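Me: Hi! Could you walk me through a couple of residues and a helix in this one?
Reply: Happy to, let's get it on screen.

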Amino acid sequence: MNETALTVHQTARPHGFPTAEHFAFVESTLPAPAAGSALVKNLYWSVDPYHREMMDDVPGGFALDAPLEGRTVGRVVASRTPRLAEGDLVFHRQGWRTHAVVTPEETRQLPRFDGVPLTAYLSILGGTGLTAYVGLTRVARLREGEDLFVSAAAGGVGTATGRFARLLGAGRLVGSAGSAAKVDHLTRVVGFDAAFDYHDGPAADLLGKAAPDGIDVFVDNVGGEQLAAAVGALRAFGRIVRVGTLSQYNTPDAPPIRFDHAGFVEKSIRMEGFLVSNYRDLQEELYEFAVPHLQSGRLAPDETVVDGFEHIVDAFLGMLHGRNTGKIIVRDRTQVPCVD
């Protein structure tokens, strides 16, 4: 193999929204696997909202001038371990690079399901789908007929949450998004009963119109004003599932949002956050739940696919500015379907 390898490094800490100047593409010779490891050519890359938080100077965050991490699907192209054979498709977390040397312990070999595309392992069957599944089944403990509100509902976790909630028997589904086109996608394609563009007015008023009888569960990807609105709309014994805080990732100086703290007591509201990394043991359960629905057509992944590793930074920045619908995935050009 005479190829060279490309990696993406973070070169500076952003304040507010990052730009392309905060990253650099670094070329190197193709790495060779040591004994007990394998070389993987990466084929699909995930860019996620949590990457923005890791760009800051926080514990466990990205180191400057070093390859970034991220969820990735690739194919083993050279191996020096019997546990990884050439040609195996694997999931690992050494993303943001074209090639990675991994050990078997750092990978998960991917099962192949008829009719399920490889991109699904980074969207509806990957960390995005697992986040939605855990949030509904373990944190919210959603019951049939309960009404649900999802913020950032047109993103990867948001669309997966809506689709899973419908399959789990949820009642009324309400979502928020950042444009009229995304609102239309939620109601026309994903299956939400109502949705609103959060730019159109105070979140409490918009949620009140979309869910006039209140909600039982709020899956929160945003925080801020929409969290405050949901506290007011929740019924007795309502639950808040805290997934992320998109409203604050790029606006660190924004003032804190005020909400009704007394309502937590008076309505017996429970709020719980979680890290999906603590629920990796549920991966097979997610497959058992989601794959039959994918194969039957009852479940469809919502994905925005960007072609070419050279566009991974652009894809990430576009995601932060809300230019995607569903999960955004970068695809190696060798995987682009041929058009006759």
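**Two residues and a helix**

Me: Let's begin with Asp 216: buried or exposed?
Reply: Buried, because its relative accessibility is 12% and the cut-off for buried is under 20%. Keep in mind that this is a predicted model.

Me: Which element is Asp 216 in?
Reply: Asp 216 belongs to strand β11, which covers residues 215-220.

Me: And what does the side chain of Asp 216 reach?
Reply: The backbone nitrogen of Asp 147, at 2.8 Å. Leaving out residues up to four places away in sequence, Asp 216 also touches Glu 146, Leu 234, Arg 235, Gly 238 and Arg 239, along with Asp 147 itself.

Me: Switching topic: where does Thr 161 lie?
Reply: In helix α3, residues 156-167. Thr 161 is buried, at 1% relative accessible area, and its side chain reaches the backbone oxygen of Val 157 at 2.7 Å.

Me: Which residues farther along the sequence does Thr 161 touch?
Reply: Not counting residues up to four places away, Thr 161 touches Ala 132, Leu 136, Leu 148, Val 150 and Val 219.

Me: How many residues of α3 are buried?
Reply: Eleven of its twelve, so the helix is mostly covered. Among them are Gly 156, Arg 163, Phe 164 and Leu 167.

Me: What about the span of α3?
Reply: Its end C-alpha atoms are 17 Å apart, which agrees with the 16 Å expected for twelve residues at 1.5 Å a residue.

Me: And what comes just after α3?
Reply: Gly 169, which takes a positive phi of about 90°.

Conventions: Residues are numbered from 1 along each chain as its sequence is written. This is a predicted model: local features need pLDDT of at least 70, side-chain atom pairs count only at pLDDT 80 or more; totals for chains, interfaces and linings use all residues. Side-chain values use heavy atoms; hydrogens and water are left out. Helices (H or I, at least four residues) and strands (E, at least two) are DSSP runs, numbered from the N terminus. Buried means under 20% relative accessible area, exposed over 50%, partly exposed in between (1.4 Å probe, protein chains only). A polar contact is a pair of N or O atoms within 3.5 Å; within protein, one must be able to donate a hydrogen and the other to accept it, and residues adjacent in sequence count only if both atoms are side-chain atoms. Contact means heavy atoms within 4.5 Å. The expected span of a helix is 1.5 Å times one less than its number of residues.
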